[in-house]
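This report works through one protein model, taking its metal site, its helices and a few individual residues in turn.

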Amino acid sequence: MSCILCDRIKSLKELDYPLVIHEFKNSYLMLGEHQYYKGYCVLVLKDHHREMTDIPSPEREEFFQEMMMASSVIEKVFKPKKMNMCSLGNVVDHVHWHFFPRYVDDPHFTNPPWLQMHHFNSATITQDMSAQIITRLKAAF
Ligand SMILES: [Zn+2]
């Protein structure tokens with residue numbers, strides 16, 4: 001099975017992907033390619049599975065612990081009012097979780113983050129900005 005996330009993971013092993021924050025046993029935590037929600041990250045399972053229920057044990061339980069660790073680190077650094085964790089997979093059916101920190105000054109706080117996705121491209125960040133955020137997140141592990 002191959003998909004856009006399998007290809008990205010394969011390329012991570014061959015060359016340094018600049019947005020990698022942390023390599024877990026079963027997943028990679030990467031900074032999101034936009035920062036419309038400051039601290040937005042994506043956790044990508046290394047193996048291709050379509051559903052959480054397809055992941056064998058003990059990898060699924062280990063992956064859950066990795067999700068918790070990733071969320072804790074993002075919360076520690078960015079101090080959001082609420083963390084929104086989303087796993088859909090309708091576009092890319094390789095298990096991955098989006099972490100959207102949500103803040104008190106968010107005018108759309110009660111809405112799902114996807115309702116603002118038309119703004120995401122306006123919040124792409126420079127390599128310098130992403131390097132600074134990644135350094136802060138790495139230090140919190
Ligand atoms: Zn895949």
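## Burial and the core of the model

A residue is called buried here when its relative accessible area is under 20%, and exposed when that area is over 50%. The model is a predicted one. By this cut-off Ile74, at 0% relative accessibility, counts as buried, and its place is in helix α2.

Leaving out residues up to four places away in sequence, Ile74 touches Gly39, Cys41, Lys79, Pro80, Met83, Phe99, Pro101 and Leu137. One of these partners, Leu137, is itself among the buried residues of α3, while another, Lys79, comes just after α2 and takes a positive phi of about 50 degrees. Lys25 is 49 residues from Ile74 in sequence, and the C-alpha atoms of the two are 19 Å apart in space.

## Helix α2

Helix α2 has 20 residues, and the distance from its first C-alpha to its last is 28 Å, close to the 28 Å expected at 1.5 Å a residue. Its buried residues are Phe63, Glu66, Met67, Ala70, Ser71, Val73, Ile74, Val77 and Phe78. Because these buried residues fall within an arc of 160 degrees when seen down the axis of α2, they line one face of the helix.

The elements that cover the buried residues of α2 include the strands β2, β3, β4 and β5 together with the helix α3.

## Helix α3

Helix α3 comprises 13 residues, 127–139, which should span 18 Å at 1.5 Å a residue; the C-alpha atoms at its ends are 18 Å apart, which agrees with that expectation. Ser130, Ile133, Ile134 and Leu137 are the buried residues of α3. Viewed down the axis of α3, the buried residues fall within an arc of 100 degrees, so they line one face of the helix. The face turned away from this buried side carries the exposed residues Asp128, Gln132, Thr135 and Ala139.

Cover for the buried residues of α3 comes from elements including β1 (20–23), β2 (27–31), β3 (41–45) and α2 (59–78). Since α3 is in turn included in what covers the buried residues of α2, the two helices appear in each other's surroundings.

## The zinc site

Which protein atoms are the donors of the zinc ion? They are the SG atoms of Cys3 and Cys6 and the ND1 atoms of His48 and His94, lying 2.0 to 2.2 Å from the ion. The four donor atoms subtend angles of 103 to 119 degrees around the zinc ion, which makes the arrangement tetrahedral. Along the sequence, the donor residues follow the spacing C-x2-C-x41-H-x45-H. Cys3 lies in the segment before α1 (4–14), and His94 in the loop between β4 (82–86) and β5 (96–102), so this pair ties together parts that are 91 residues apart in sequence.

Is His94 buried or exposed? At 1% relative accessibility His94 counts as buried, and Cys3 counts as buried too, at 12%. His48, found in the loop between β3 and α2, is likewise buried, with a relative accessible area of 19%. The side chain of His48 makes a polar contact with the side chain of His94 at 3.2 Å, and a polar atom of the His48 side chain lies 3.5 Å from the backbone oxygen of Asp93.

## Lys46, beside a zinc donor

Lys46 is found in the loop between β3 and α2 and is buried, with a relative accessible area of 18%. A polar atom of the Lys46 side chain lies 3.2 Å from the backbone oxygen of Lys25. Not counting residues up to four places away in sequence, Lys46 touches Ile9, Glu23, Phe24, Lys25, Asn26, Ser27, Tyr28 and His94, and the last of these is one of the zinc donors.

## Thr124, an exposed loop position

Thr124 lies in the loop between β5 and α3 and is exposed, with a relative accessible area of 51%. Its contacts, leaving aside neighbours within four places in sequence, are with Glu33 and His34. The C-alpha atoms of Thr124 and Tyr36 are separated by 7.7 Å, although the two residues are 88 residues apart along the chain.

Methods:
Residues numbered from 1 in each chain as written. Predicted model: local features only at pLDDT ≥ 70, side-chain atom pairs only at ≥ 80, totals over all residues. Heavy atoms only, no water. Donors = N, O, S within 2.8 Å, 3.2 Å for Na, K, Ca; no water. Tetrahedral: all angles 85-135°; square planar, octahedral: opposite > 155°, others 65-115°. Helix = DSSP H or I, 4+ residues; strand = E, 2+ residues; numbered from the N terminus. Buried < 20%, exposed > 50% of the residue type's maximum accessible area, 1.4 Å probe, protein only. Expected span 1.5 Å × (residues − 1). Arc of directions from axis to C-beta. Contact = heavy atoms within 4.5 Å.
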